[in-house]
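Hi everyone, thanks for coming. I'd like to walk you through one model today, going from its surface to its interior and then to its charged pairs. Please have the structure open as we go.

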Amino acid sequence: MKYTPRIYAKALIESLAGASAAAHEGIIKRFFAAVRRRGDVRRVPEIIEAVRETLRRRVGGRLVEIAFARRHKKSILDSFRTLFTKHDEVVFRTEPELAAGVRITIDGEREFDQTAARRIKKLFR
């Protein structure tokens, strides 16, 4: 592997930006053929995530991950979604180990943790 996923992502985005919509499919096929030739097929998920992150940041969006202990109704999920901008990518997860509550992580850096698991852990420190 000679290139990082970010370099691959930048190359793909720049290639698509300068091309017509009709040419996009061919560009993508050639791009992944080049990835295959370089032996980086196993890194494709990382490349795709780097493309998503780059495009999201260009429009000022953030990756917002919201974890609940159990599944919730669509109306509750929609109310959480309204807290963020249309450019933000909101991902909902179910994590039974949380016991109860919600954990919101923004761009993998900032975290708002209001879970029972955190409160119990804090109680016994």
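**A walk through the model**

Let's start on the outside: Ile 120, Leu 123 and Phe 124 make a nonpolar surface patch of about 390 Å². A patch here takes residues with over 30% relative accessible area and no salt bridge, joining like charges within 9 Å and nonpolar side chains (Val, Leu, Ile, Met, Phe, Trp, Tyr) within 5 Å. The areas come from the Shrake-Rupley method with a 1.4 Å probe, and for residues only the protein chains shown count as cover.

Before going on, a word on what you are looking at. This is a predicted model, in which local features need pLDDT of at least 70 and side-chain atom pairs count only at pLDDT 80 or more, while totals for chains, interfaces and linings use all residues. Residues are numbered from 1 along each chain as its sequence is written, and side-chain values use heavy atoms, with hydrogens and water left out.

Back to the patch. Leu 123 sits in helix H5, residues 116–123; helices (H or I, at least four residues) and strands (E, at least two) are DSSP runs numbered from the N terminus. Leu 123 counts as exposed because its relative accessibility is 66%. For these labels, buried means under 20% relative accessible area, exposed over 50%, and partly exposed in between, with a 1.4 Å probe and protein chains only.

Now let's go inside. Which residues make up the largest nonpolar core? There are twelve: Tyr 8, Ala 9, Leu 12, Ile 13, Leu 16, Ile 27, Phe 31, Val 35, Val 44, Ile 47, Ala 50 and Val 51. Helices H1 (5–17), H2 (24–37) and H3 each supply at least two residues of this core, and H1 gives the largest share, five residues. By a nonpolar core I mean a set of buried Ala, Val, Leu, Ile, Met, Phe, Trp, Tyr and Cys residues joined through side-chain atoms within 4.5 Å. In soluble globular proteins, nonpolar side chains tend to be buried together.

Let's zoom in on one core member, Ala 50, which lies in helix H3, residues 44–58. With a relative accessibility of 8%, Ala 50 counts as buried. Leaving out residues up to four places away in sequence, Ala 50 touches Pro 5, Arg 6 and Ala 9, where contact means heavy atoms within 4.5 Å. Ala 50 and Arg 6 are 44 residues apart in sequence, yet their C-alpha atoms are 5.5 Å apart in space. Seen from the other side, Ala 9 is in contact with Ile 47, Ala 50, Val 51 and Thr 54, again leaving aside neighbours within four places in sequence. There is also a second, separate core of ten residues, including Val 64, Phe 80, Val 90 and Ile 104.

On to the rings. How many aromatic pairs are there? The count comes to five, where rings of Phe, Tyr and Trp (its six-membered ring) pair if their centres lie within 6.5 Å, with planes under 30 degrees apart called stacked, over 60 edge-to-face and the rest tilted. Phe 31 and Phe 32 have ring centres 5.1 Å apart and planes at 80 degrees, so this pair is edge-to-face. Phe 31 is buried at 10% relative accessibility, whereas Phe 32 is partly exposed at 24%. Another edge-to-face pair is Phe 68 with Phe 80, at 5.3 Å centre to centre and 75 degrees between the planes. Phe 68 lies in strand S1 (residues 63–68) and Phe 80 in helix H4 (residues 74–81), so the pair ties together parts twelve residues apart in sequence. Both Phe 68 and Phe 80 are buried.

Finally, the charges. The model has 15 salt bridges, each a side-chain nitrogen of Lys or Arg within 4 Å of a carboxyl oxygen of Asp or Glu. In one of them, Glu 89 meets Arg 56, with the closest N and O atoms 2.5 Å apart. Glu 89 is in strand S2 (residues 89–94) and Arg 56 in helix H3, so this bridge ties together parts 33 residues apart in sequence. Is Arg 56 buried or exposed? Arg 56 counts as buried, at 8% relative accessibility.

A second example is Asp 78 with Lys 74, at 3.1 Å from N to O. They are four residues apart in helix H4, which means about one helical turn separates them.
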